[in-house]
Amino acid sequence: MKLRVRLQKRTAPLELEGAEPTLGELRAQLRRALLHAWGYSSDTEFSITLNGKDALTEDEKTLASYGIVPGDLICLLLEETDAKSSLPPPSSSSPPSLQNGRETSTLTPKNQADGPKEERQNEQSDNQKAQVEAQKSDSRAGSSLEFPSGLVPEDVDLEEGTGSYPSEPMLCSEAADGEIPHSLEVLYLSAECTSATDALIVLVHLLMMETGYVPQGTEAKAVSMPEKWRGNGVYKLQYTHPLCEEGSAGLTCVPLGDLVAINATLKINREIKGVKRIQLLPASFVCFQEPEKVAGVYKDLQKLSRLFKDQLVYSLLAAARQALNLPDVFGLVVLPLELKLRIFRLLDVRSLISLSAVCRDLYAASNDQLLWRFMYLRDFRDPIARPRDTDWKEVMFQ
C-alpha cells in the first residue's frame, strides 16, 4: 500500500508491504524511515490522524478498517516537546544543494557570519552554483536524492501506469478539466471498463459513495466495484446509508441507445418502491477514445456531480428517511429560521409562494411579517405610513 504522509509543511510518499498492513506497522515504518529522513529522532512521539485532529490509536487494526485506501493522505501530529526538527525548514524556492551525495544548507553558519563580508559572499555564490548544478542534474536524471527504505520520490506516481493525479484528496465536484480524483482512477482501473457506459457507471458509483452511501457486495470500499455490478446489458448497484440503516437503496442502470436510464429504488421493510429516475448521456461525461489514459476518459465532473446529486442522490436519501419516519437531516428545512429568512429575501413573490406550499415548516417560515414587509417595500415604493400591526402579506396582494 502506498500512502502520502504530511508532517507540518512537508509531504512525502510512503510504501507499506503486505496486503493488509495494520496501524502499528504504519507507525513502525514511519519511525524507521520517515522521521529519520526529516531529521527527527526515532524516539519522537507522534500521533497518526486522517483529519489533522483525531488520533488513530488502535495499532492492531488494519488500515482498511479505518477506511484508509492507497493514495490517502496521512497527517502526523508531534508532541510539543518533539516539535522541532534538527533539519532546516523546507524552502519553497529551491531544494537543498547536493555535494558528494550529501545535503548542504544554503544558510550561512554562525561562525562564518562573523568573518569578512567578501568571504561570506563567495561561499553563498558557491552554494548557489551547487544548487543550480543539482537542479540541472535532477532534470536530466530524474532525481539525485537517495531516498530511505520505504520512500519514493515525490514526482513518481504512486501507481505505475495510472498517470498523474492531484496531491490532495479531491471530490468530483472539485475536479477541473484534465484532473480526476485518485479514488475514481482506482475504481476505473479495477473495473476493467470496455465501454463508455461502463466508465459512466463507475463514476455514478463513486458519486453515491461521496454522499455517504456504503456499497454492498464488496469488502474493500472505494477500491473496487461491487460483485456482479455489470450484467447482461443491465447494471445493478446496492447500497446502505448510515442515516437510514434499516433500509437499503438500489440503482438499476439500463442503456437505451445513446442514453443511460438510472432508476433509484428503496427497500424498506421488504417493500420496494421506485423513488427517482434520471437519464444521462455518456458522451457528455466520458471520452472513451483512449481508455488507457484515465485522466482523459472523464470530463465535466463538476457538472455531473451537481446534476446527479441534486436530482437523484439527495432525493433518494430524503425519501428513505421519510419512509422510516425519521426527521430531515439536510436541506433547506433543517436550517435555522434566520438563515431561511435570509434566503427567502432573495426570492421573488411567485417563488416564495411556491416554496411555502412545500411543507408546513416552510409555510410557517414564509409567513413571517418582517419578511413580507421587506418584500413589499422592495418591490413597491409606498409613501403611506402604516401601523406596526399591518399584515404586510395582505397588503402585498391588495
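**View 1. Lys309 and its neighbours.** Leaving aside residues up to four places away in sequence, Lys309 touches Leu207, Glu210, Thr211, Leu304 and Tyr314. This is a predicted model, so keep that in mind for every view here. Lys309 sits in helix α7. Is this lysine buried or exposed? Its relative accessibility is 8%, so Lys309 counts as buried, the limit for that class being under 20%.

**View 2. The whole chain, before zooming in further.** The chain folds into twelve helices and twelve strands. Of its 398 residues, 35% count as buried. If you take the contacts with a separation of 6 or more, 56% of them join residues 24 or more positions apart. The accessible surface of the chain adds up to about 23800 Å², and carbon and sulfur atoms hold 49% of that.

**View 3. The one cavity.** How many cavities of 30 Å³ or more turn up in a search of the whole structure? The search finds one. The largest cavity holds about 60 Å³ of space. Elements giving two or more residues to its lining are β9 (235-241), β10 (244-256), β11 (259-268) and α7 (301-323). Strand β10 supplies the largest share, with four residues.

**View 4. What lines the cavity.** Here are the residues to pick out if you want to draw the wall of the largest cavity: Tyr213, Tyr239, Thr240, His241, Cys244, Gly247, Ser248, Ala249, Leu266, Ile268, Leu317 and Ala320. What does this lining look like by class? Eight of the residues are nonpolar and four are polar, and there are no charged ones.

**View 5. Ala320, a lining residue up close.** Ala320 is part of the lining of the largest cavity and belongs to helix α7. With a relative accessible area of 5%, Ala320 falls under the 20% limit and is therefore buried. Apart from residues up to four places away in sequence, Ala320 touches Cys244 and Leu266, and both of these also appear in the cavity lining. Another lining residue to show alongside is Ile268: its C-alpha is 7.9 Å from that of Ala320, with their positions 52 residues apart in sequence.

**View 6. Helix α4 and what it packs on.** Which residues of helix α4 (residues 182-191) are buried? They are His182, Leu184, Glu185, Leu187, Tyr188 and Ala191. These buried residues pack against α5 (196-210) and α7. Just past the end of α4 comes Glu192, with a positive phi of about 55°.

**View 7. Positive phi on either side of α7.** Two loop residues go together here. Asp300 lies in the loop between α6 (282-285) and α7, and its phi is near 50°, a positive value in a residue other than glycine. Asn325 is in the loop between α7 and α8 (337-344); it also is not a glycine, yet it has a positive phi of about 60°. How do the two fare for accessibility? Asp300 has a relative accessible area of 36%, so it is partly exposed. Asn325 comes in at 70%, which makes it exposed, since the limit for that class is over 50%.

**View 8. Thr11 in strand β2.** Thr11 lies in strand β2 (residues 10-15). Its relative accessible area is 26%, so Thr11 counts as partly exposed. For a distance label, try Ile74: the C-alpha atoms of Thr11 and Ile74 are separated by 9.3 Å, while the two residues are 63 residues apart along the chain.

**View 9. Ala364 in helix α10.** Ala364 is found in helix α10 (residues 360-366). Is this alanine buried or exposed? At 53% relative accessibility, over the 50% limit, Ala364 counts as exposed. Leu337 makes a handy partner for a distance label: its C-alpha is 10.0 Å from that of Ala364, and the two are 27 residues apart along the chain.

**View 10. Cysteines.** How many disulfides does the structure hold? The count is zero. Two cysteines to show here are Cys287 and Cys359. Cys287 has 29% relative accessibility, so it counts as partly exposed. Cys359 is at 27% and likewise counts as partly exposed. For a third cysteine, go back to Cys244 in the lining of the largest cavity, where it is touched by Ala320.

How values were computed
Residues numbered from 1 in each chain as written. Predicted model: local features only at pLDDT ≥ 70, side-chain atom pairs only at ≥ 80, totals over all residues. Heavy atoms only, no water. 1 Å grid on protein atoms, 1.4 Å probe; cavity = no way out; pocket = protein on both sides within 12 Å on 5 of 7 lines; lining within 4 Å. Points joined across faces, edges and corners; volume = space filled by probe spheres on them. Nonpolar A, V, L, I, M, F, W, Y, C, P; charged D, E, K, R; others polar. Buried < 20%, exposed > 50% of the residue type's maximum accessible area, 1.4 Å probe, protein only. Contact = heavy atoms within 4.5 Å. Areas by Shrake-Rupley, 256 points an atom, 1.4 Å probe, with all protein chains shown as cover. Disulfide = S-S within 2.5 Å.
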